[in-house]
Amino acid sequence: MTAAPAPSYTGGLLPNHTHARGVLTEGAASGILGALAVALWFLLRDLIEGRPFHTPSALGHGLTALLKGGVALGAVPDAPFSSSMMYIYTVAHGIIFIAAGAACSFLLNYARRNPGQELYAVLVLATLGMWFTFLSMMLVGVVLSAVTIVDILIAHLLATLAMGAYFWRRHPEVWRGL
C-alpha cells in the first residue's frame with residue numbers, strides 16, 4: 001500500500017492537488033455544525049420559556065423588516081409566530097454560517113500548507129469571530145431587541161466550540177504549529 005503524496009507547499013492559496021470544492025465542503029460542514037449549535041441553544045431557551053421556535057420567527061420578522069428598509073426598535077420581540085419567517089431566518093442563518101465556515105476552512109488550509117503562518121491564521125479567525133459576535137450583539141440584541149446580549153454570547157460560544165472541535169479534528173497540524 002502506498003502512502004498518499006505529500007502536499008506541495010507552494011505558498012499559494014490552495015495546494016496544487018487540492019480543489020476549492022474540498023475547502024468549501026469542509027467549510028459548509030463546520031458552518032452547519034455552528035448554525036446547528038446556535039439553533040439548538042435558542043430552541044432550548046424558547047422551550048424553557050414555553051414559546052417553541054419564537055426566536056427564529058422573531059428574527060425572521062426583524063430580518064425582513066430590516067431588508068425592507070426600516071425596523072422599529074423593540075417591535076420584533078412581540079411579533080406573532082410565523083413559520084415562513086422562521087424558515088426565512090433559518091435559511092439566512094445557515095448561509096451566513098456556511099460562509100463563515102468556508103472562511104475558517106480557507107484560512108486553516110492556508111496555515112496548514114504554509115508552516116509558520118498558523119498563529120496568524122488563528123488570530124485572524126479569533127478577530128473575525130469577535131467582530132461577528134459584536135455585529136450580532138448590535139444588530140440582533142440592540143436594534144431588533146429579539147434576544148438578549150447574554151443569549152447571543154452563549155450562542156456564539158457554542159458555535160465557536162462546535163466549529164473549533166470540527167477543525168481541531170480536521171487540522172491537528174495547525175494546532176501543533178502554534
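The paragraphs below describe the fold, two helix contacts and the salt bridges of a predicted model.

The secondary structure of the protein chain consists of six helices and zero strands. Read along the sequence, the pattern is accordingly written α-α-α-α-α-α. Of the 178 residues in the protein chain, 36% are buried. Contacts across the sequence are also worth a look: among those between residues at least 6 apart, 71% join residues at least 24 apart.

One helix pair to find in the structure is H1 with H5. Helix H1 spans residues 20-49 and helix H5 spans residues 149-170; the two pack with their axes 8 Å apart, at an angle of about 145°. The crossing of H1 and H5 is right-handed. On the H1 side, the contact is made by Glu26, Ala29, Ser30, Gly31, Leu33, Gly34, Ala37, Val38, Trp41, Phe42 and Arg45. H5 contributes Asp151, Ile154, Ala155, Leu158, Ala159, Ala162, Met163, Tyr166, Phe167 and Arg170. Sorted by class, the residues of this contact of H1 with H5 comprise 14 nonpolar, three polar and four charged.

Ala165 offers a further reference point in helix H5. With a relative accessible area of 44%, Ala165 is partly exposed, because that value falls between the 20% limit for buried and the 50% limit for exposed residues. Ala165 and Ser30 are 135 residues apart in sequence, yet their C-alpha atoms are 9.1 Å apart in space.

A second helix pair is formed by H2 (residues 54-67) and H3 (residues 83-113), whose axes come within 7 Å and cross at roughly 80°. Angles of 65 to 115 degrees count as roughly perpendicular, so H2 is roughly perpendicular to H3. From H2, the residues making the contact are Pro56, Ser57, Leu59, Gly60, His61, Leu63 and Thr64. Their counterparts on H3 are Met85, Met86, Ile88, Tyr89 and Ala92. The contact of H2 with H3 has eight nonpolar and four polar residues, with no charged residues.

Turning to charged side chains, the structure holds four salt bridges. Side chains of opposite charge can pair when their charged atoms come close. Arg45 takes part in a salt bridge with Asp46, in which the closest N and O atoms are 3.3 Å apart. Both Asp46 and Arg45 are buried. Arg45 also forms a salt bridge with Asp151, and here the closest N and O atoms are 2.5 Å apart. This pair links distant parts of the chain, as Asp151 lies in helix H5 and Arg45 in helix H1, 106 residues apart. Asp151, like Arg45, is buried. Taken together, Arg45, Asp46 and Asp151 are linked in a network of salt bridges. Arg45 and Asp151 are also among the residues that make the contact of H1 with H5.

Another of the salt bridges joins Glu49 and Arg51, with the closest N and O atoms 3.0 Å apart. Where do these two side chains stand between buried and exposed? Glu49 has a relative accessible area of 41% and is therefore partly exposed. Arg51 is likewise partly exposed, with a relative accessible area of 36%.

Conventions. Residues are numbered from 1 along each chain as its sequence is written. This is a predicted model: local features need pLDDT of at least 70, side-chain atom pairs count only at pLDDT 80 or more; totals for chains, interfaces and linings use all residues. Side-chain values use heavy atoms; hydrogens and water are left out. Axes are lines fitted to C-alpha atoms, for helices over the stretch in contact, and angles run from 0 to 180 degrees between N-to-C directions. Helices (H or I, at least four residues) and strands (E, at least two) are DSSP runs, numbered from the N terminus. A crossing is left-handed if the near helix is turned anticlockwise from the far one by less than a right angle, and right-handed if clockwise. Contact means heavy atoms within 4.5 Å. Ala, Val, Leu, Ile, Met, Phe, Trp, Tyr, Cys and Pro count as nonpolar, Asp, Glu, Lys and Arg as charged, and the others, Gly among them, as polar. Angles under 35 degrees count as roughly parallel, over 145 as roughly antiparallel, 65 to 115 as roughly perpendicular and the rest as oblique. Buried means under 20% relative accessible area, exposed over 50%, partly exposed in between (1.4 Å probe, protein chains only).
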